[in-house]
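Biologist: I have a model open beside its sequence, and I would like to learn how to read it feature by feature. Could you take me through it slowly?

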Amino acid sequence: MNYSLQDFFKYIIPGLYTLAFAFGWYFLSDDFKATDITGTSSILVLLIPFVGFVVGYCIECVMSVLEHTYYLLGGRRPSKTILTGCALYHIKKRKLILSKNGIKSVNCSNKKANEILQAAKQSIDRESVEVYRNHSVLARNIFGSQAFLTISYAFIADTFYCDGIFFLLLTTSFFFFIHWCHNLHVYIKYVLAEYSKTLEQCACKN
């Protein structure tokens, strides 16, 4: 199996982020004893990158399933937001994309927006938008790590609802969620923008 450096980072960074907080909680807990890690420090140094990768990979799997489940249950797709018109993620040839896919109005259903996006991905050079896809996946996985830590803390702390740390974690989760949504929309925007260029080139040849 051949992983690129970007693939490696999108797994190991969320994994190490999660492990850092987990170890931090343990070190600050009453159960921690310095002698617990004295004899195993060298082993931990070797194991942490590997464990971080595995944890990050698990987070990637869970977040991917949750994202697709959200869409299967009827959640609004970013492609629909962009194709129906969004000033923040505007693409110049939006109406061209709609007309070429048999949609005369500016409205576009969730299902049709997904069909257009899948057709776009098959029509363009995926390498031209790969950096945006990796940014989106990394942002999603870091949000997943933060959400997991927030939920875990709620179970660990007896009075989490009046704990400042919990609300800090919750606020961080919210901002990470917004950042993921932004990166996801940017990725879809560039896929559709590249698709519109392909459609224009085909129209010129005809």
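Modeller: We will go from the overall fold to the core, then to the pockets, and finally to some single residues. Please keep in mind throughout that this is a predicted model.

Biologist: Which secondary-structure elements does the chain have, and in what pattern do they follow one another along the sequence?

Modeller: A sensible beginning is to count the elements and then to read them in order. Here the chain has eight helices and zero strands, and reading along the sequence gives the pattern α-α-α-α-α-α-α-α.

Biologist: What share of the contacts in the chain, at a separation of 6 or more, comes from residues 24 or more positions apart?

Modeller: The idea is to ask how far along the sequence two touching residues lie from each other. In this chain, 76% of the contacts with a separation of 6 or more are between residues 24 or more positions apart.

Biologist: How many residues does the chain have, and what percentage of them is buried?

Modeller: Of the 206 residues in the chain, 35% are buried. From the outside, the chain exposes about 12700 Å², and carbon and sulfur atoms supply 65% of that area.

Biologist: Which residues have the most contacts inside the largest nonpolar core?

Modeller: The general idea first: in soluble globular proteins, nonpolar side chains tend to be buried together. In this model the largest nonpolar core has 28 residues, and L83, I97, I116 and L192 are those with the most contacts inside it. The elements that give two or more residues to this core are helix 3 (41-72), helix 4 (78-83), helix 5 (94-100), helix 6 (110-123), helix 7 (130-156) and helix 8 (164-205). Helix 8 gives the most to this core, with nine residues. Apart from this core lies another, of five residues, including Y153, A154, F166 and L169.

Biologist: Turning to pockets, what is the volume of the largest pocket, and which residues lie nearest its centre?

Modeller: For a pocket, I would take the volume, then the lining, then the residue classes in that lining. The largest pocket has a volume of about 430 Å³ and is lined by 23 residues, of which E67, H68, K121, L184 and Y187 lie nearest its centre. Helix 3, helix 4, helix 6, helix 7 and helix 8 each supply at least two residues of this lining, and helix 3 gives the most, with six residues. By class, the lining of the largest pocket has nine nonpolar, six polar and eight charged residues.

Biologist: And how many residues line the second largest pocket?

Modeller: The second largest pocket, with a volume of about 260 Å³, is lined by 14 residues, of which Y70, Y71, F177, W180 and C181 lie nearest its centre. At least two residues of its lining come from each of helix 3, helix 4 and helix 8, and the lining divides into nine nonpolar, two polar and three charged residues.

Biologist: Now for single residues: is S145 buried or exposed?

Modeller: For one residue, I would give its element, its accessibility and its partners, in that order. S145 is in helix 7 and counts as buried because its relative accessibility is 0%, where the cut-off for buried is under 20%. Leaving out residues up to four places away in sequence, S145 touches P14, Y17, T18 and I59.

Biologist: Which residues does T150 touch, not counting those up to four places away in sequence?

Modeller: T150, also placed in helix 7, touches F166, L169, L170 and S173 when residues up to four places away are not counted. The C-alpha atoms of T150 and S173 are separated by 7.5 Å, although the two residues are 23 apart along the chain. T150 is buried, with a relative accessible area of 5%.

Biologist: Where is S196, and what does it touch?

Modeller: S196 is in helix 8 and is buried at a relative accessible area of 7%. Not counting residues up to four places away in sequence, S196 touches K93, L96 and I97.

Biologist: Why does Q122 count as exposed and V51 as partly exposed?

Modeller: Q122, in helix 6, is exposed because its relative accessible area is 70%, and exposed means over 50%. V51, in helix 3, has a relative accessible area of 32%, so V51 falls between the two cut-offs and is partly exposed. As for spacing, V51 and L16 are 35 residues apart in sequence and 8.2 Å apart in space, C-alpha to C-alpha.

Technical notes: Residues are numbered from 1 along each chain as its sequence is written. This is a predicted model: local features need pLDDT of at least 70, side-chain atom pairs count only at pLDDT 80 or more; totals for chains, interfaces and linings use all residues. Side-chain values use heavy atoms; hydrogens and water are left out. Helices (H or I, at least four residues) and strands (E, at least two) are DSSP runs, numbered from the N terminus. Buried means under 20% relative accessible area, exposed over 50%, partly exposed in between (1.4 Å probe, protein chains only). Contact means heavy atoms within 4.5 Å. Accessible areas come from the Shrake-Rupley method with a 1.4 Å probe; for residues, only the protein chains shown count as cover. A nonpolar core is a set of buried Ala, Val, Leu, Ile, Met, Phe, Trp, Tyr and Cys residues joined through side-chain atoms within 4.5 Å. On a 1 Å grid over the protein atoms alone, a cavity is a set of points where a 1.4 Å probe fits but cannot get out, and a pocket is an open set with protein on both sides within 12 Å along at least five of seven lines; lining residues have an atom within 4 Å of a point. Grid points are joined across faces, edges and corners, and a volume is the space filled by probe spheres set on the points. Ala, Val, Leu, Ile, Met, Phe, Trp, Tyr, Cys and Pro count as nonpolar, Asp, Glu, Lys and Arg as charged, and the others, Gly among them, as polar.
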